[in-house]
Amino acid sequence: MKTFEKELPEQYDALKKQANYTSSWRERLAAVETLSAYQHEKVIDLLNNRMKNDTVYKVQTAAYKALVAFGENVEKPAPARFDIIKGTDKIFLRVKKSLPKDHTVADFAEKLKRMRLDVFDAYEGDKGEQFMTWLEERWAKL
């Protein structure tokens with residue numbers, strides 16, 4: 001059985017901030033993975049929060065696996081069935097309207113990234129390799 005540190009890591013405050021950083025699912029995932037070595041009450045609370053509230057399923061499942069490894073009785077999170085961010089279509093429409101009529105999906109993606117990095121990042125993390133295909137389908141329907 002794996003043993004865990006019982007004390008908070010020295011860099012806990014920085015890791016907590018990183019775990020809640022909305023503009024980068026990769027940063028949140030890295031923080032969750034680092035914190036998964038520390039079985040402390042504050043870490044368990046933070047991991048529970050990420051498992052229940054993160055927009056990216058990879059981050060949720062990483063937090064879930066860490067909690068299970070700690071022996072916590074938690075239910076595995078289910079992937080989102082609909083939009084992971086409320087009002088996504090309105091956000092996409094606002095971005096599309098801000099571009100010239102003859103813009104490309106690449107222009108749209110770049111503008112979305114500049115205007116709403118949190119939305120871009122969340123869906124990029126959620127969709128993985130299929131992100132650009134998914135984004136193009138959504139863009140075409142607007």
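**Figure 1. A polar contact at threonine 61, in a predicted model.** A polar atom of the threonine 61 side chain lies 3.1 Å from the backbone oxygen of lysine 58. Threonine 61 is part of helix α4. With a relative accessibility of 14%, threonine 61 counts as buried, because the cut-off for buried is under 20% relative accessible area. Leaving out residues up to four places away in sequence, threonine 61 touches Lys76 and Pro77.

**Figure 2. The largest nonpolar core, with 42 residues.** Leu47, Phe92, Leu112 and Leu135 are the members that touch the most other members of this core. Eight helices each supply at least two of the core residues: α1 (12–19), α2 (25–35), α3 (41–53), α4 (57–69), α5 (88–97), α6 (105–115), α7 (117–127) and α8 (131–141). Helix α4 gives the largest share, 6 residues. In soluble globular proteins, nonpolar side chains tend to be buried together.

**Figure 3. Surroundings of leucine 47.** Leucine 47 is one of the four residues that touch the most other members of the largest nonpolar core. When neighbours within four places in sequence are set aside, the contacts of leucine 47 are Val32, Ala63, Ala66, Leu67 and Phe70.

**Figure 4. Surroundings of alanine 122 in helix α7.** The relative accessible area of alanine 122 is 3%, so this residue is buried. Apart from neighbours within four places in sequence, alanine 122 is in contact with Thr55, Val56, Ile84 and Ile85. Of these contacts, Ile85 is 37 residues from alanine 122 in sequence. In space, the C-alpha atoms of alanine 122 and isoleucine 85 are 8.2 Å apart.

**Figure 5. The aromatic pair of tyrosine 123 and tryptophan 134.** The structure holds 7 aromatic pairs. In the one shown here, the rings of tyrosine 123 and tryptophan 134 are 4.7 Å apart, centre to centre, with 20° between the planes. This pair counts as stacked, because planes under 30 degrees apart are classed that way. Tyrosine 123 belongs to helix α7 and tryptophan 134 to helix α8, so the pair links distant parts of the chain, 11 residues apart. Both residues are buried: tyrosine 123 has a relative accessible area of 2%, and tryptophan 134 has one of 13%.

**Figure 6. An aromatic cluster that includes tyrosine 123 and tryptophan 134.** Together with Phe92, Phe108, Phe120 and Phe131, these two residues form one aromatic cluster. Phe92 is also among the residues that touch the most other members of the largest nonpolar core.

Terms used:
Residues numbered from 1 in each chain as written. Predicted model: local features only at pLDDT ≥ 70, side-chain atom pairs only at ≥ 80, totals over all residues. Heavy atoms only, no water. Core = buried A, V, L, I, M, F, W, Y, C linked by side-chain atoms within 4.5 Å. Buried < 20%, exposed > 50% of the residue type's maximum accessible area, 1.4 Å probe, protein only. Helix = DSSP H or I, 4+ residues; strand = E, 2+ residues; numbered from the N terminus. Contact = heavy atoms within 4.5 Å. Phe/Tyr/Trp six-rings, centres within 6.5 Å; stacked < 30°, edge-to-face > 60°. Polar contact = N/O pair within 3.5 Å; in protein donor to acceptor, adjacent residues only side chain to side chain.
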